Amino acid sequence: MTSCIFCDIISHKTPSYIIDENNEVMAILPKDMECFWHTLIIPKKHYENIFDISDDCLNSVSNFMRDLAIKYKKYLWATWINILNANWKDAQQTVFHLHFHLIPRFKDDKMDLWPKMEKYSWKQKVDLRKIRDKIMI
Ligand SMILES: [Zn+2]
């Protein structure tokens, strides 16, 4: 495996500001927080993206994120939470060790994390039923 900044942080080769951790998951504040208390949730084992992670570890990460969000609501007085994740380059993943961005939100914080996109109607171009039938198990 090539070098990975998150593996270096998890093994304490690279210092970071650790918020919380357990045997499988670590939460840190990135060096350059995008906003107040922007937090990265990182599985301690190296998984490149959501498609690589084991079910058990994904459950641990999910529970850890939810529990941390509850603490942020209580102790940071966050009123809302955004959880962001990118998988692969085309989805703007830049560090190829699975991670989630936990963004505490506050009333009138003026952030807009929802991308402005052209609306795509399900009536356009493609018969979505054929795709849906393939997706449904
Ligand atoms: Zn890694």
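# A walk through the sheet and its helix

Start by selecting strand S3: five of its five residues are buried, so the strand is largely enclosed by the rest of the structure. Keep in mind as you click around that this is a predicted model.

**Stop 1: both sides of S3.** Show the side chains of S3. In a regular strand, side chains alternate between the two faces of the sheet. Which residues sit on each side here? Thr39, Ile41 and Pro43 are on one side, Leu40 and Ile42 are on the other, and all of them are buried, so both faces of S3 are covered.

**Stop 2: the neighbours of S3.** Now add S2 and S5 to your selection. S2 and S3 run antiparallel and are joined by four bridges; look for Met26, whose bridge partner in S3 is Ile42. Going the other way, S3 and S5 are also antiparallel, with three bridges between them. Here you can find Ile41 standing opposite Phe100 in S5.

**Stop 3: the whole sheet.** Select the remaining strands. In what order do the five strands lie? The open sheet goes S1-S2-S3-S5-S4, and the pairing is antiparallel. S1 (17-21) and S4 are the edge strands, each pairing on one side only. Tilt the view and you should see some twist: on average, neighbouring strands are turned by 25° against each other, ignoring direction. For a closer look at one edge, zoom in on S1 and S2, an antiparallel pair with four bridges. Glu21 has Met26 of S2 as its bridge partner.

**Stop 4: helix H2.** Next, select residues 55-76. This is H2, with 22 residues; from first C-alpha to last it reaches 30 Å, close to the 32 Å expected at 1.5 Å a residue. Colour Val61, Phe64, Ala69 and Tyr72, which are buried. Why do they line one face of the helix? Look down the axis of H2: the buried residues fall within an arc of 140°, so they end up along one face. Then turn to the face pointing away from that buried side, where you'll find the exposed residues Asp55, Asp56, Asn59, Ile70 and Lys74. Just after the helix comes Trp77, with a positive phi near 60°.

**Stop 5: where the helix meets the sheet.** Show H2 and the strands together. The buried residues of H2 pack against S2 (25-29), S3 (39-43), S4 (80-84) and S5 (100-105). For a single residue in this region, click Val25: among the residues it touches are Ile41, Ile42, Val61 and Phe64.

**Stop 6: the core.** Nonpolar side chains tend to be buried together in soluble globular proteins. The largest nonpolar core in this model has 17 residues, and Ile10, Val25, Met26, Ile41, Ile42 and Leu102 are the ones with the most contacts inside it. Helix H1 (5-10), S2, S3, H2 and S5 each give two or more residues to this core. Which element gives the largest share? That's H2, with four residues.

**Last stop: zoom out.** Show the whole chain and count along: there are three helices and five strands, arranged in sequence as α-β-β-β-α-β-β-α. The C-alpha atoms fill a box of roughly 50 × 40 × 25 Å. Of the 137 residues in the chain, 17% are buried, and the five residues of S3, where you began, are among them.

Methods: Residues are numbered from 1 along each chain as its sequence is written. This is a predicted model: local features need pLDDT of at least 70, side-chain atom pairs count only at pLDDT 80 or more; totals for chains, interfaces and linings use all residues. The expected span of a helix is 1.5 Å times one less than its number of residues. A residue is buried if 20 or more other C-beta atoms lie within 10 Å of its own, exposed if 12 or fewer, and partly exposed in between; C-beta atoms are placed from the backbone. The arc is that of the directions from the helix axis to the C-beta atoms. Two residues are in contact if their C-beta atoms, placed from the backbone, lie within 7 Å. A nonpolar core is a set of buried Ala, Val, Leu, Ile, Met, Phe, Trp, Tyr and Cys residues joined through C-beta atoms within 7 Å. Two strands pair if DSSP finds at least two bridges between them. Axes are lines fitted to C-alpha atoms, for helices over the stretch in contact, and angles run from 0 to 180 degrees between N-to-C directions. Lists of a residue's contacts leave out its neighbours within four places in sequence.
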